[in-house]
Amino acid sequence: VNVLRGDMSLVGPRPALPWEVELFPVSASSRFLVRPGLTGLWQISGRNRLTMVDGLRLDVEYVAKCALRTDLLILLFTPLTLLRGGAR
């Protein structure tokens, strides 16, 4: 529903809770330049196995490389990651 309303994108940094944002370093501020997404580079790269700093670094990397090709690859790898259990 949020994607259809335009509040979110299919791919992008996951939305953060206000208390989480307070903990983010200034170096992660570029993650707010794009709409949050249902899946993203952080999610297909290990999600809960990564530290918050590592995940934020991936969010910043995604924003820097934001392109249709990157989004399509993330959309392709999301179900594969879920099926193999690598997103836990």
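This passage walks through one helix, two buried residues and a pocket of the structure above. The model is predicted, so local features need pLDDT of at least 70 and side-chain atom pairs count only at pLDDT 80 or more, while totals for chains, interfaces and linings use all residues. Residues are numbered from 1 along each chain as its sequence is written, and side-chain values use heavy atoms, with hydrogens and water left out.

A good place to begin is helix H4, which covers residues 52-64. Helices (H or I, at least four residues) and strands (E, at least two) are DSSP runs, numbered from the N terminus. The expected span of a helix is 1.5 Å times one less than its number of residues. For the 13 residues of H4 this gives 18 Å, and the end C-alpha atoms are 18 Å apart, which agrees. Within H4, the buried residues (under 20% relative accessible area with a 1.4 Å probe, protein chains only; exposed is over 50% and partly exposed lies in between) are Gly55, Leu56, Leu58, Asp59, Tyr62 and Val63. They lie on the same side of H4, because they cover an arc of only 155 degrees around the axis, taken from the directions from the helix axis to the C-beta atoms. Val53 and Ala64 are exposed on the other side of H4. The packing partners of the buried residues of H4 are strand S1 (9-11), helix H3 (41-44) and helix H5 (68-84).

Leu58, in helix H4, has a relative accessible area of 9% and is therefore buried. Leaving aside neighbours within four places in sequence, Leu58 is in contact (heavy atoms within 4.5 Å) with Leu41, Trp42, Ser45 and Leu50. Between Leu58 and Ala28 there are 9.5 Å in space, C-alpha to C-alpha, and 30 residues in sequence.

Phe24 sits in the loop between helix H2 (18-23) and strand S2 (37-39). With a relative accessible area of 13%, Phe24 is buried. Its contacts, apart from neighbours within four places in sequence, are Ala16, Arg31, Phe32, Met52 and Leu56. Phe24 and Leu56 are 32 residues apart in sequence, yet their C-alpha atoms are 8.0 Å apart.

Phe24 also belongs to the lining of the largest pocket, along with residues including Arg14, Glu20, Trp42 and Met52. The volume of this pocket is about 250 Å³. A pocket here is an open set of points on a 1 Å grid over the protein atoms alone, where a 1.4 Å probe fits, with protein on both sides within 12 Å along at least five of seven lines; lining residues have an atom within 4 Å of a point. Grid points are joined across faces, edges and corners, and the volume is the space filled by probe spheres set on them.
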